[in-house]
Amino acid sequence: MKKTLVLLTCIVGTIMLIRTQKSKAEDGYRLWLRYDQIENDSLLNEYRQLVKCITINGESPTMIVAREEIVGGLSGLFGNSVSENEEVKEGTLLIGTPENSLTISSLLADKTLEDIGNEGFLVFSAEVNKQKMTVITGNTDIGVLYGVYHFLKLIQTHQSITELNISGTPKIQHRLLNHWDNLDRKVERGYAGFSLWKWNTLPDYIDPRYKDYARANASVGINGTVITNVNANAQVLTPEYLEKVAALADVFRPYGIRVYLTARFSAPMEIGGLQTADPLQENVIDWWNNKTKEIYSYIPDFGGFLVKANSEGQPGPQNYGRSHAEGANLMARAVKPYNGIVMWRAFVYSNEEPEDRAKQAYNEFKPLDGKFEDNVLIQVKNGPIDFQPREPFHPLFGAMEQTPTMMEFQVTQEYLGQDIHLTYLAPLYEECLHSDTYAKGAGSEVFKVINGSLFDYSETGMAGVSNIGDDRNWCGHPIAQANWYALGQLAWDPEAASEEIAKGWIRMTYSNNQEVIDTMLKIMMISREAGVNYRTPLGLHHQMAWHHHYGPGPWIKDKPRADWTSAYYNKADETGIGFDRTKTGSNAISQYFSPLDEIFGNIETCPEELLLWFHHVPWDFKMKSGNTLWEELCLKYYKGVDQVREMQDTWNTLKGKIDEERFQHVQSLLKIQLEDAIEWRNACLLYYQTFSKMPIPEKYEQPDKSLEHYMKVDRKYLPGS
Ligand code: GCU
C-alpha cells in the first residue's frame with residue numbers, strides 16, 4: 001500500500017514536472033522566436049527536402065550569431081539537427097556575401113545588390129550544377145542576418161520556400177527603441193517590471209537576457225536603442241556608467257544595434273563642474289566635445305544623443321535665452337566627426353505659455369526649420385498632445401521641409417490600459433502614418449515624410465517608447481509583445497499593413513492554425529477602437545486619472561498646471577463639450593495645410609472621430625447618424641464596453657487551441673479590462689451628464705454606481721508613475 005502510494009506520488013510528481021516544464025516553455029519568454037517543431041508532417045518533410053544542410057561563409061561576430069540563429073532555429077523547427085556542410089550540394093542553404101562566397105558571387109550575375117543598400121537582403125532559390133539550393137545574401141553581414149531572420153520567418157509561418165525571389169530593404173535608417181529606464185531600474189511609464197539593464201552588476205555580469213533582447217530586436221529590424229530615460233540623469237555620462245554602457249553595446253553590436261544615450265542638457269554643470277550649460281559658451285562647447293570623445297573611446301559605434309529639453313521641467317537652451325536649434329547643434333557638432341546623430345524631441349510645452357498646448361511644438365520648431373545641423377532629427381510624437389488613444393497627426397509632419405522629422409510612437413501603453421488591457425497598437429500607428437498632410441498637395445502622407453521621400457531628407461528615423469521590462473514575458477500583457485514586434489516592422493516598412501503584421505506575429509508567437517489566427521486577429525484588430533470608445537470617443541482626449549493615467553478622471557481640474565488637467569481638454573459646460581481649435585478658438589487648425597485646415601475647421605466636415613478635438617459642440621448637435629451628440633457619445637461608450645465583451649467571448653473560444661498558460665493569463669486580464677471599461681464609461685458619462693443634463697437612453701444598462709463613487713476611486717502604487 002505504502003509502496004503504491006510512493007509510486008503514485010512519483011508519477012504525479014513527474015507529470016506535474018512535465019506540465020510545469022511544458023507551461024514554462026509557453027511563458028512568453030521566447031517571444032516570436034519560438035522555433036518549435038513543425039507539427040504538419042507533410043510540410044515538415046517538404047522543408048527537410050529543401051534544406052538538408054547549411055553552408056555559412058564569414059566569421060565576423062555578426063556571422064557567428066547568424067549561424068547560431070539559423071542552426072538553432074532550423075534544428076528546432078525541423079526537430080533534428082541541421083548540419084553544416086562546406087561543400088555546396090542539393091538542398092544546401094547557402095549563406096554569405098558575394099565577397100566571402102564565390103558561389104554566391106557567381107549566382108548573383110543577373111541580380112543586383114546595389115538597390116538593397118547596407119542593411120538589405122536577398123533570399124532566392126538557385127541551381128548550381130543542377131543542384132537545387134537556397135541563398136541568403138546581402139552586401140553586409142548585417143543584411144545577411146536580416147535575411148536569416150526573414151527566412152526563418154517564412155518557415156515559422158509555414159510559407160512556401162520553393163521558387164523564392166525575395167528582397168528586403170529597410171525604408172527608414174534609424175529604427176529605434178526608446179527606453180524610459182532610470183538608473184535605479186525603475187521604468188517611467190513601464191508596466192512590465194524593472195529595467196532590463198542591471199547597472200549594479202554591469203559590466204562584469206552579462207545577463208543572458210541582453211542577448212535575447214538583441215535577437216528579438218534584430219529579428220524585426222530594430223537597429224538602435226536609447227537605453228536611458230528622456231527625463232535624463234547626467235550620471236550615465238560618467239566613466240563609471242560609460243563602462244557599463246559599453247558592455248551592453250558589445251552585446252548588441254553583432255546584431256546591428258547601436259546604443260544611444262539621453263543627454264541631460266545641464267550635464268556640464270552637474271557632472272562637469274561648470275557654472276553654466278549655455279550652448280554658446282566656449283567652455284560648454286569644449287565640455288560636450290570632450291565628453292563625446294570620451295564616449296566614443298568606450299563605444300566606437302555610439303549612435304548619438306536623444307534630448308528632451310525645455311519640456312516638463314527639463315533644462316534646455318531656453319534657460320540661457322538660446323533656441324532649440326542652438327542647443328541641438330551644440331551636441332550635433334560634437335557627435336558629427338564620429339558619424340553620430342542627435343534626436344531632439346519636439347515634445348515641448350511650457351507652463352507659462354497661455355497658448356493651446358497642442359500648438360506649442362509647432363510654434364517653437366516651425367520657425368527653426370533649416371537652422372539645424374544636418375545630423376539632427378526632430379523627434380515628433382505621432383500626435384500634438386501626448387500618445388492619446390486617438391489624436392490627429394502632429395502638424396509638424398510635413399511642416400519641416402529642411403529638417404528631418406522622425407516619428408515617436410509609444411509602445412508602452414501609458415494611456416491604453418498599461419499591462420492590463422489588450423490593445424494592439426499597430427492600427428493606431430497605421431492611421432497616423434497614412435494620414436495625408438497635404439504638405440505638397442494630396443498624397444503627402446506622413447509615411448512619406450518619415451521615410452524621407454517627400455522632402456528628400458538626409459536622415460530618417462522612427463522610434464518607439466519601449467514596453468519592455470524584466471517580466472518573464474518581457475511586456476507584461478502577453479499580447480503587448482505584438483506592439484514591440486509591430487513597431488519594428490513599421491520602422492522597417494512604414495507602409496506595412498497592421499493586419500498583415502498581426503497575422504505574422506500570431507503565427508510565430510501562438511499558432512499557424514487558421515482558426516487561432518482568425519480568432520486572435522479579430523480581437524487584436526478591434527482592440528484599439530474599443531479602447532478609444534470606452535475612454536475618449538469622438539475626439540475627446542486627456543480624460544485620464546491624475547498621475548498614473550490608468551483609470552478615468554474627466555473631472556480633474558484645479559491643479560498647478562491647467563494643461564495637465566482633464567477639464568482643460570474637455571471644456572465641458574452647459575453649452576456643450578470639446579476643445580474649440582477653430583478660428584473662433586485656439587486656431588490650431590491653422591497649423592495644418594489646406595484643405596485640412598478647412599476640413600478640420602468646419603463642424604460639418606470635420607471627421608466625427610476628431611470632432612471634439614477641434615470643436616466645442618452643443619449637446620444637441622445632430623450627428624451624421626441622426627443622433628444628438630449626447631446620444632452618440634452614449635452610443636460610443638456603450639459600444640466600447642460591448643466590444644470588450646466581444647473580445648472576451650472570442651478569446652474564450654481559444655480554450656484548448658493554444659497553451660493553457662497564456663490562454664488563462666489573457667482571459668483573466670480581459671475580466672479586469674471589462675470592469676475597467678465599464679468604469680471608464682460610467683465615470684465619463686455620469687460626469688459629462690452633469691453638464692448635458694440629458695438621460696442615458698433607457699435601452700442601455702444604467703450605471704449601478706454614482707459619480708461620487710467613481711470620483712473616490714484612488715488607485716495607489718500603480719507601476720510606472
Ligand atoms: C508623457 C509621460 C511622461 C514623459 C513625457 C515625455 O507626459 O507621462 O512620463 O516623460 O510624456 O514624453 O517626455
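**Exercise 1. Which residues is Phe397 in contact with, leaving aside its neighbours within four places in sequence?**

Solution. This is a predicted model, in which local features need pLDDT of at least 70 and side-chain atom pairs count only at pLDDT 80 or more, while totals for chains, interfaces and linings use all residues. Residues are numbered from 1 along each chain as its sequence is written, and side-chain values use heavy atoms, with hydrogens and water left out.

Begin with the position: Phe397 sits in the loop between β12 and β13 (405–410), where strands (E, at least two residues) and helices (H or I, at least four) are DSSP runs numbered from the N terminus. Next, take contact to mean heavy atoms within 4.5 Å. With that cut-off, Phe397 is in contact with Val380, Lys381, Asn382, Thr405, Met406, Met407, Thr437, Val446, Val449 and Ile450. Finally, look at the accessibility: Phe397 has a relative accessible area of 0% and is therefore buried, a term that stands for under 20% relative accessible area, with exposed for over 50% and partly exposed in between (1.4 Å probe, protein chains only).

**Exercise 2. Find how many of the twelve residues of α10 are buried, and what they pack against.**

Solution. First check the length of helix α10 (residues 324–335): its expected span, which is 1.5 Å times one less than its number of residues, is 16 Å, and the end C-alpha atoms are 17 Å apart, which agrees. Then turn to burial, where ten of the twelve residues are buried, so α10 is largely enclosed by the rest of the structure. Among these buried residues are His324, Asn329, Leu330 and Met331. The buried residues of α10 pack against α9 (282–298), β10 (304–307), β11 (341–345), α11 (357–365) and β12 (376–381). At the start of the helix, a side-chain oxygen of Ser323 comes to within 3.2 Å of the backbone nitrogen of Ala325.

One of these helix residues, Met331, is also touched by Ala263, as are Ala232, Trp288, Phe305, Leu306 and Val307, not counting residues up to four places away in sequence. Ala263 belongs to the loop between β9 (258–262) and α8 (267–270), and it counts as buried because its relative accessibility is 1%.

**Exercise 3. Describe the polar contacts made by the side chain of Gln591.**

Solution. Start by locating Gln591 in the loop between β15 (576–577) and α18 (596–601); with a relative accessible area of 4%, Gln591 is buried. A polar contact is a pair of N or O atoms within 3.5 Å; within protein, one must be able to donate a hydrogen and the other to accept it, and residues adjacent in sequence count only if both atoms are side-chain atoms. The Gln591 side chain reaches the backbone oxygen of Lys359 at 3.0 Å, and a polar contact of 3.2 Å joins it to the side chain of Asn363.

**Exercise 4. Work out which residues come nearest to the ligand, and which polar side-chain atoms lie by its oxygen atoms.**

Solution. Of the 14 residues around the ligand, which have a heavy atom within 4 Å of it, Glu188, Lys308, Arg345, Lys381 and Glu414 come nearest. Next, consider the polar side-chain atoms: one of Lys308 lies 2.6 Å from a ligand oxygen atom, one of Arg189 lies 3.0 Å from a ligand oxygen atom, and one of Glu312 lies 3.2 Å from a ligand oxygen atom.
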